[in-house]
Amino acid sequence: MHHQGSPDDHAPAATADPDAHPIAAPSDEQVRRGIEAMYFAYRAFTSDPDLILDQIGYGRAHHRTLHFINREPGLTVTALLAVLGVTKQSLNRVLRALIEDGLVDSRIGSRDRRERQLCLTDKGAALERRLSQAQRARVRAAYHAAGPQAVEGFRLVLEAMMDAEMLARFHALSEPDRGRTTGPDLLPASERRTEAAE
């Protein structure tokens, strides 16, 4: 759900103890190089699946949708909208193509018959594995080359760039094997209450 708020609403999540990681203030050059590194790293990260997506007439939105449905089988459309941060109209276009092509199965919700739960078909799971395989290999190789301390620092930097709501969604995704089937925990508490009351 998007809303206009104060600048603080979208500020990066602050660390619990600013003195926990004493470090000199980064220079403008360090910040610029970090931004540029992220840009080129993202290009490399998306380059392999982009080739596959282009061959079948899909885009990155289709890949992200497949990824998160695979991550949370039974994810509701409402929860998927919250994770992706896109409009319902945009998501509907992507889902329609994936369902028509036999990659995603949309079922009546187990808790609310007005809601739809999403799962990958065997064909969809195979495509998701194909798209993710090269990305996983690239990230795994980078982690191996950088070492565990750098990997932990990388995670901390990424989390510190997220605002509070994004960080909460990320942490919800980071807790595996909790037996979720509808993905309500991917929504903020206010949205979960609304969904439960519908």
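Which handedness does the crossing of α3 and α4 have, left-handed or right-handed? Keep that in mind while you load the model, which is a predicted one.

**Stop 1: α3 and α4**

Select residues 77-84 for α3. Add residues 88-100 for α4. The crossing of this pair is right-handed. Their axes come within 10 Å and cross at roughly 110 degrees. The range for roughly perpendicular is 65 to 115 degrees, so α3 and α4 are roughly perpendicular to each other.

Now show side chains. From α3, pick Val77, Leu80, Leu81 and Leu84. They meet Lys88, Leu91 and Leu95 in α4. Color this contact by class: six residues are nonpolar, none is polar and one is charged.

**Stop 2: α2 and α3**

Keep α3 on screen. Add α2, residues 60-71. These two helices pack at an angle of about 120 degrees, and their axes lie 11 Å apart. That angle makes α2 oblique to α3. The crossing of α2 and α3 is right-handed.

Select Arg64, Thr65, Phe68 and Ile69 on the α2 side. On the α3 side, select Leu80, Val83 and Leu84. By class, the residues of this contact divide into five nonpolar, one polar and one charged.

**Stop 3: α2 and α4**

Hide α3 and bring back α4. The axes of α2 and α4 come within 10 Å. They cross at roughly 75 degrees. That makes α2 roughly perpendicular to α4.

Which residues make the contact? From α2, choose Ala61, His62, Thr65, Leu66 and Ile69. From α4, choose Leu91, Val94, Leu95, Ala97 and Leu98. The class count here is eight nonpolar, two polar and no charged residues.

Some residues turn up at two stops. Thr65 and Ile69 of α2 are in the contact with α3 and also in the contact with α4. Leu80 and Leu84 of α3 touch α2, and they also meet α4. Leu91 and Leu95 of α4 meet α3 and contact α2 as well.

**Stop 4: Glu159**

Leave the three helices and go to α6, residues 148-161. Center on Glu159, which is found in this helix. Is Glu159 buried or exposed? Its relative accessibility is 13%. The cut-off for buried is under 20%, so Glu159 counts as buried.

Next, select His171. The side chains of Glu159 and His171 are joined by a polar contact of 3.5 Å. Finish on Phe170. Glu159 and Phe170 are eleven residues apart in sequence. Draw a C-alpha to C-alpha distance between Glu159 and Phe170, and the value is 8.6 Å.

Terms used:
Residues numbered from 1 in each chain as written. Predicted model: local features only at pLDDT ≥ 70, side-chain atom pairs only at ≥ 80, totals over all residues. Heavy atoms only, no water. Helix = DSSP H or I, 4+ residues; strand = E, 2+ residues; numbered from the N terminus. Buried < 20%, exposed > 50% of the residue type's maximum accessible area, 1.4 Å probe, protein only. Polar contact = N/O pair within 3.5 Å; in protein donor to acceptor, adjacent residues only side chain to side chain. Axes fitted to C-alpha atoms, helices over the stretch in contact; angles between N-to-C directions. Parallel < 35°, antiparallel > 145°, perpendicular 65-115°, else oblique. Left-handed = near helix turned anticlockwise from the far one by under 90°. Contact = heavy atoms within 4.5 Å. Nonpolar A, V, L, I, M, F, W, Y, C, P; charged D, E, K, R; others polar.
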